[in-house]
Amino acid sequence: TANSLKEAYKQYFLLGTALNRGQIQETSAKATTLIAREFNALTAENDMKSAYMQPVKNSFNFTESDKIMAFAQKHNMYVVGHTLIWHSQLPNWLSAITDAVEMNKAIENHVTTIVKKYKGKIGSWDVVNEAVEDNGSLRKSVFFNVLGEDYIAKSFQLAAEADPSAELYYNDYSMTNPTKRAGVIRMVKKIQEQNIKIDGIGMQGHWHIDSPSIADIESSIIAYANLGVKVAITELDVSVLPSPWGQQGADINQNFENNPTMNPYPNVLPDAMQIKLAQRYYNIFKLFLKHKDKISRVTFWGVNDAQSWLNNFPIQGRTDYPLLFDRDFEPKKAYQAVIDVA
Ligand code: XIL
């Protein structure tokens with residue numbers, strides 16, 4: 001059997017991880033050794049988002065993104081640029097724009113400068129992230145509020161001009177929800193009808209131990225691939241904790257922060273749950289293999305359980321176990337399941 005994830009899947013699709021800046025420092029040798037051994041694709045967990053890339057208008061900061069590029073180059077890894085146009089983790093100056101001419105200029109400068117900077121070095125860009133709401137309508141982001149739907153196609157066009165060799169993706173969560181899916185498909189078709197390049201759709205894959213079902217994931221992979229684009233699973237993790245979505249009031253943290261039922265495994269994940277997580281990952285990867293002709297890449301959102309964003313989202317301070325490596329960087333049963341199914 002294969003002795004790494006990337007080895008196990010090398011004939012099928014790229015196998016990636018998100019990287020945060022702590023992990024490429026020398027103090028994290030355990031993390032960097034493991035990343036180089038197991039993965040062949042890298043996404044910056046935060047450092048290529050607009051607040052970091054252009055904190056001040058017209059003043060770009062490539063210090064951290066350059067470190068990520070250097071790490072990837074050293075280990076011969078494919079790099080995903082994440083992300084150009086997103087409503088979250090925005091710099092204040094950009095959130096404050098209300099004028100259409102100014103917004104068009106800002107998008108043009110942001111997309112063109114960054115994509116050109118890494119021209120030929122980024123395998124694919126998440127050009128637009130999370131532009132569709134769960135009800136299928138377009139999100140009322142600052143971009144939409146100032147420019148309407150046009151900002152989406154325009155961003156793809158600018159990225160295509162700045163680096164014709166990079167693949168361009170639309171990326172979002174809850175991509176298995178049929179209402180949202182219809183909205184995404186409508187939006188992507190509109191880009192295609194204008195003859196603007198879009199190469200792929202990213203399903204983030206922030207999933208749960210019992211949902212979405214394998215059947216729902218499958219129908220979405222097929223529906224997106226039917227648009228004639230590649231499908232990537234871009235931010236995979238499987239939470240074992242109860243989700244507060246759908247049962248929350250106005251403020252999730254206020255309602256659930258100190259509620260022990262929302263943090264059932266504060267110290268260790270019981271064996272039965274460890275096994276259930278392994279089975280869930282087995283079924284998910286079995287499905288990915290069934291559709292390997294449609295899937296370009298599967299990227300995990302983080303390396304080990306300790307640094308997963310899910311320990312703090314959507315409720316602060318929980319203990320989650322969503323990845324393949326435990327808090328000591330040791331492979332979990334779920335790791336073996338993913339290797340075994342290949
Ligand atoms: C998350 C990071 O993991 C966190 O560290 C950060 O605090 C917030 O953003 N969808 C995305 C990712 O596209 O960029 C988000 O990453 C998770 C949800």
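Biologist: Let's start with a proline: in which loop does P212 lie?
Modeller: This is a predicted model, and P212 makes a nice first stop in it. The peptide bond from S211 to P212 is cis, with omega near -5°. Following the chain, P212 lies in the loop between strand 7 (206-208) and helix 10 (214-225).

Biologist: Which residue does a cis peptide bond join to P314?
Modeller: Look in the loop between strand 9 (295-300) and helix 13 (333-341), where P314 is found. Most peptide bonds are trans. Here, though, omega is about 5°, and the cis bond joins P314 to F313.

Biologist: Is F329 buried, exposed or partly exposed?
Modeller: F329 sits in the loop between strand 9 and helix 13, with a positive phi of about 65° although it is not a glycine. To be buried, a residue needs 20 or more other C-beta atoms within 10 Å, while 12 or fewer would make it exposed. F329 has 15 such neighbours, so it counts as partly exposed.

Biologist: Now the ligand: how many charged residues are in the shell around it?
Modeller: The ligand is surrounded by E45, N46, N129, Y173, Q204, E235 and W309. Glu counts as charged, and so does Asp, Lys or Arg. By class, the shell has two nonpolar residues, three polar ones and, as charged residues, two.

Biologist: Which residue does UniProt list for "active site"?
Modeller: The residue is in strand 8 (residues 230-239), and it is also one of those surrounding the ligand. It counts as buried because it has 24 C-beta neighbours inside 10 Å. Its contacts, leaving aside neighbours within four places in sequence, include A18, H206 and W301. The record, an unreviewed entry, names E235.

Biologist: Which helix gives the largest share of the largest nonpolar core?
Modeller: In soluble globular proteins, nonpolar side chains tend to be buried together. The largest nonpolar core here has 87 residues, and L42, W125, V127 and A159 have the most contacts inside it. Six residues, the largest share of this core, come from helix 8.

Biologist: Last one: what is the radius of gyration of the protein?
Modeller: The protein has 13 helices and nine strands, and its C-alpha atoms fill a box of roughly 55 × 45 × 40 Å along the principal axes. With 342 residues, a compact globule would have a radius of gyration near 20 Å. The value for this protein agrees with that: 19 Å.

Technical notes. Residues numbered from 1 in each chain as written. Predicted model: local features only at pLDDT ≥ 70, side-chain atom pairs only at ≥ 80, totals over all residues. Near = placed C-beta within 6 Å. UniProt positions renumbered as here; feature names shortened; annotations may be inferred. Helix = DSSP H or I, 4+ residues; strand = E, 2+ residues; numbered from the N terminus. Contact = placed C-beta atoms within 7 Å. Rg over C-alpha atoms; globule rule 2.2 N^0.38 Å. Core = buried A, V, L, I, M, F, W, Y, C linked by C-beta atoms within 7 Å.
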